[in-house]
Amino acid sequence: MDYNNKTVWITGASSGIGEELAKQFAEQGAKVILSARNIDKLNQVKDELKGEGHRVIPLDLSKPETVLQDVSAQIDSLGPIDILINNGGVSQRSLFLENDFKVYRQLMEVNYFGLIALTKAVLPSMVARKSGSVVAISSVAGKVGSKFRTGYSGSKYAVVGFMDCLRAEVAQHNIHCLTICPGSIKTAIAHNSLNGQGEAQNKPEPSIENGMNVNVAASKMLTAIYNKKDEVVIGQGLSGWAPFIKRFFPSLFNRLTAKVEYK
Ligand SMILES: NC(=O)c1ccc[n+]([C@@H]2O[C@H](COP(=O)([O-])OP(=O)(O)OC[C@H]3O[C@@H](n4cnc5c(N)ncnc54)[C@H](OP(=O)(O)O)[C@@H]3O)[C@@H](O)[C@H]2O)c1
């Protein structure tokens, strides 16, 4: 894979999957734009990347209108964006009956509206050049439901639907749209997952601790992007198989999810 002179914009680049994607794209020669809220961590990741020309653009995806306005204002000065990876996001581990309503808005703002805002700011320049890839990191939780994730799953299902429609609309402009649905990947996602009051739960979980190594997952993502796939599931064990079980044995799957406390 040769990404020399290509620019890849990655959100959520201060941690986990986004940080690893940044490293692997830089290894392949790409210039990386790193976005998230934690500017110190973004600069630290940038300084460790191979090659030159990487940039940090801080973004808070929970303020989508600001993202749209700020990025649209500077997009012409950034040069061509070849690949946009909408990866930044936050998960949830709390039961519907115990959740504050605001948790649902928090999850949708970051995981859905933030993604749409940045895509809306970047896509017109890709369409004008008739070239580019838009990648969304949804989740296996965007294909199947399980306990503790009513808000998270809702936001990630929404991403899958958005991307399916966008793909249909922009194919005529030679724009590639890829939806990636990771299973459990070993990152800080469990620690950062929201509780019923919308605060980080700050604790680990077995499914994530025993999940796929993030470097393996990111490498599979690079391959899917390079091969211009439409949608891929990347995970191991139950988290990787869940979409297929749900598709072919839906009643069995629904009975299982009612019994299992998957964390
Ligand atoms: N790990 C998994 O098992 C798994 C499975 C399925 C899907 N995913 C998805 O993969 C993506 C990356 O997650 P991860 O596993 O790498 O988790 P992570 O280590 O917690 O990283 C999350 C990233 O999102 C950024 N982020 C969170 N809120 C943000 C906001 N308001 N504005 C801008 N950036 C924000 C964080 O940066 P700042 O805090 O610096 O803003 C961080 O860089 C997420 O969309 C997640 O839903 C992960």
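Helices and strands are here DSSP runs, numbered from the N terminus. With that naming in hand, the description below follows a predicted model, moving from one helix to its packing partners and then to a few individual residues.

A good place to start is helix H3, which spans residues 64-74 and has Pro64, Val67 and Val71 as buried residues. These three cover an arc of only 50 degrees around the axis, which puts them on the same side of H3. The spacing fits a familiar rule. An α-helix has 3.6 residues a turn, so residues three or four places apart point the same way. The face of H3 turned away from this buried side carries Glu65, Gln69 and Ala73, which are exposed. As for what the buried side of H3 meets, its buried residues pack against strand S1 (7-11) and helix H4 (102-129).

The packing of helices can be put into two numbers. Two packed helices are described by the angle between their axes and the distance between the axes. For H3 and H4, the angle is about 20 degrees and the axes are 8 Å apart. With angles under 35 degrees counting as roughly parallel, H3 and H4 are therefore roughly parallel to each other. Their crossing is right-handed. On the H3 side, the contact involves Pro64, Val67, Leu68, Val71 and Ser72. These residues meet Glu109, Phe113, Gly114, Ala117, Leu118, Lys120, Ala121 and Val122 in H4. By character, the residues of this contact of H3 with H4 divide into nine nonpolar, two polar and two charged. Pro64, Val67 and Val71 thus appear both among the buried residues of H3 and in its contact with H4.

Helix H4 also packs with helix H5 (residues 150-170), at an angle of about 20 degrees and with the axes 8 Å apart. That makes H4 roughly parallel to H5. The crossing of H4 and H5 is right-handed. From H4, the contact is made by Tyr104, Leu107, Met108, Asn111, Tyr112, Leu115, Ile116, Thr119 and Leu123. From H5, the participants are Thr150, Gly151, Tyr152, Gly154, Ser155, Lys156, Ala158, Val159, Phe162, Leu166 and Val170. The residues of this contact of H4 with H5 comprise 13 nonpolar, six polar and one charged.

Another pair of helices is H1 (residues 16-27) and H8 (residues 214-226), whose axes come within 9 Å and cross at roughly 60 degrees. That makes H1 oblique to H8. H1 passes H8 in a right-handed crossing. In H1, the residues Gly16, Ile17, Glu20, Leu21, Gln24 and Phe25 take part, and they meet Val214, Asn215, Ala218, Ser219, Met221, Leu222 and Ile225 in H8. The residues of the contact of H1 with H8 divide into eight nonpolar, four polar and one charged.

Two residues of H4 invite a closer look, Met126 and Val127. Met126 is buried, with a relative accessible area of 0%. Leaving out residues up to four places away in sequence, Met126 touches Ile81, Asp82, Ile83, Leu84, Ser131, Gly132, Ser133, Val134 and Ile175. Between Met126 and Val110 there are 23 Å in space, C-alpha to C-alpha, for a separation of 16 residues in sequence. Val127, by contrast, is partly exposed, with a relative accessible area of 22%. Neighbours within four places in sequence aside, Val127 is in contact with His173 and Ile175. Ile175 is thus listed among the contacts of Met126 and of Val127. Val127 and Ala73 lie 54 residues apart in sequence, and their C-alpha atoms are 17 Å apart in space.

Finally, the backbone offers two residues with positive phi. Asn5 has a phi near 65 degrees, a positive value in a residue other than glycine. Asn5 sits in the segment before S1, and at 66% relative accessibility it counts as exposed. Asn174 likewise has a positive phi, of about 65 degrees, although it is not a glycine. The place of Asn174 is the loop between H5 and strand S6 (175-182). With a relative accessibility of 53%, Asn174 counts as exposed.

Note on methods:
Residues numbered from 1 in each chain as written. Predicted model: local features only at pLDDT ≥ 70, side-chain atom pairs only at ≥ 80, totals over all residues. Heavy atoms only, no water. Buried < 20%, exposed > 50% of the residue type's maximum accessible area, 1.4 Å probe, protein only. Helix = DSSP H or I, 4+ residues; strand = E, 2+ residues; numbered from the N terminus. Arc of directions from axis to C-beta. Contact = heavy atoms within 4.5 Å. Axes fitted to C-alpha atoms, helices over the stretch in contact; angles between N-to-C directions. Parallel < 35°, antiparallel > 145°, perpendicular 65-115°, else oblique. Left-handed = near helix turned anticlockwise from the far one by under 90°. Nonpolar A, V, L, I, M, F, W, Y, C, P; charged D, E, K, R; others polar.
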